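Me: I would like a close look at one part of this chain, and at what surrounds it. Pick one helix with charged residues and walk me through it.

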Amino acid sequence: MAQTAGAGWQNVLATLVAERGDALTRYAYVLCGDPDDAADLVQAGLVATFGRLRNGFAIDRAEAYVRTAIASAYIDRGRRASRWRATAHLHVARDAIESPDASAERRIDLKKQLAGLSPRERACVVLRYYGDQKVDDIAAELGISSGAVKRYLSDGLSKLATALTEPGREHHGQLR
């Protein structure tokens, strides 16, 4: 199962995609909330990791590099998107379909609320609670201080708690 350090990068890439491709896609989906964007993020992470000739690392290290590249690509997209938020009112929102399942409603609400967080807040929340990483590990992965991670976690969780506990609140993908 594990590749040796001397194996060619092509073998490492093929094994990584075959064995961990679905997990990487799920990770990217939790970050961005869209299956097509998740696939694009995984592709970007693989290209960033294997774009240059890479020899000498095993599958577990390659996966760590790809996960870091996915998070970085997501944050970079958020930065670029923030320039265009002034035109958000021009975008048409999808029609909502009522679901009879309350648990599905909560998942949809959480997905909408995660989409309303800033890219850094969302990345920190996802890495902490989906990736089960410690604050220092998140700081190292995102290249920011531990204090900044704590601030993004606090701000993001505060927004999520407020939005998801207010009864009768209309959800429009935006947090207050």
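Reply: What follows is a walk along one helix, then out to its partners and the rest of the chain.

The model is predicted. Start with the frame. The protein chain has seven helices and zero strands. From the N terminus on, the elements therefore read α-α-α-α-α-α-α under the DSSP run rule. Of its 176 residues, 35% count as buried. The accessible surface comes to about 10,800 Å², and carbon and sulfur atoms hold 53% of that. Take the contacts in the chain with a separation of 6 or more: residues 24 or more positions apart make up 65% of them.

The part to look at is helix α5, residues 119-129. This helix is mostly covered, with nine of its eleven residues buried. The buried residues are Pro 119, Arg 120, Glu 121, Arg 122, Ala 123, Cys 124, Val 125, Val 126 and Leu 127. Charged side chains are among them: Arg 120, Glu 121 and Arg 122. Two of these deserve a closer look.

Take Arg 122 first. Which side chain of opposite charge is nearest to Arg 122, and how far away is it? It is Asp 37, at 8.8 Å. A salt bridge needs a side-chain nitrogen within 4 Å of a carboxyl oxygen. Arg 122 is buried yet has no salt bridge. What its side chain does reach is a backbone oxygen, that of Leu 114, at 3.4 Å. The contacts of Arg 122 beyond four places in sequence include Tyr 29, Val 30, Leu 31, Cys 32 and Gly 33. Tyr 74, Leu 114, Ala 115 and Leu 117 are also in contact with Arg 122.

Now Glu 121. Glu 121 is buried, with a relative accessible area of 5%. Unlike Arg 122, which has no salt bridge, Glu 121 forms one with Lys 159, with the closest N and O atoms 3.1 Å apart. Lys 159 lies in helix α7 and Glu 121 in helix α5, so the pair ties together parts that are 38 residues apart in sequence. Lys 159 counts as partly exposed, at 29% relative accessibility. So this bridge joins a buried acid to a partly exposed base.

Next, the ends. Gly 116 lies in the loop between α4 (102-115) and α5. Gly 116 is partly exposed, with a relative accessible area of 26%. Its C-alpha atom is separated by 9.4 Å from that of Gly 156, which is 40 residues away along the chain. On the other side, Asp 132 sits in the loop between α5 and α6 (135-142). Asp 132 has a positive phi of about 55° although it is not a glycine. Most residues other than glycine have a negative phi. Asp 132 counts as exposed, at 61% relative accessibility.

Nonpolar packing comes next. Nonpolar side chains tend to be buried together in soluble globular proteins. The largest nonpolar core here has 38 residues, and Cys 124 is one of those that touch the most other members. Others in that group are Leu 16, Leu 31, Phe 50, Ile 70, Leu 142 and Val 149. Helix α5 is among the elements that give two or more residues to the core, together with α1 (9-32), α2 (35-50), α3 (59-82), α6 and α7 (146-165). The largest share, eight residues, comes from α3. Leu 142 shows the link to α5 in detail. Beyond four places in sequence, Leu 142 touches Arg 120, Ala 123, Cys 124 and Leu 127, among others. Ala 71 and Ile 75 are on that contact list too.

Last, set the Glu 121 bridge beside the others. How many salt bridges does the count come to? It comes to three. One joins the side chains of Arg 20 and Glu 63, at 3.0 Å from N to O. Arg 20 lies in helix α1 and Glu 63 in helix α3, so that pair ties together parts 43 residues apart in sequence. Arg 20 is partly exposed, with a relative accessible area of 30%, whereas Glu 63 is buried at 12%. Glu 63 also forms a salt bridge with Arg 67, the closest N and O atoms being 3.2 Å apart. Arg 67 and Glu 63 are four residues apart in helix α3, which means about one helical turn between them. Arg 20, Glu 63 and Arg 67 are thus linked in a network of salt bridges.

Technical notes:
Residues are numbered from 1 along each chain as its sequence is written. This is a predicted model: local features need pLDDT of at least 70, side-chain atom pairs count only at pLDDT 80 or more; totals for chains, interfaces and linings use all residues. Side-chain values use heavy atoms; hydrogens and water are left out. Buried means under 20% relative accessible area, exposed over 50%, partly exposed in between (1.4 Å probe, protein chains only). A polar contact is a pair of N or O atoms within 3.5 Å; within protein, one must be able to donate a hydrogen and the other to accept it, and residues adjacent in sequence count only if both atoms are side-chain atoms. Contact means heavy atoms within 4.5 Å. A nonpolar core is a set of buried Ala, Val, Leu, Ile, Met, Phe, Trp, Tyr and Cys residues joined through side-chain atoms within 4.5 Å. Accessible areas come from the Shrake-Rupley method with a 1.4 Å probe; for residues, only the protein chains shown count as cover.
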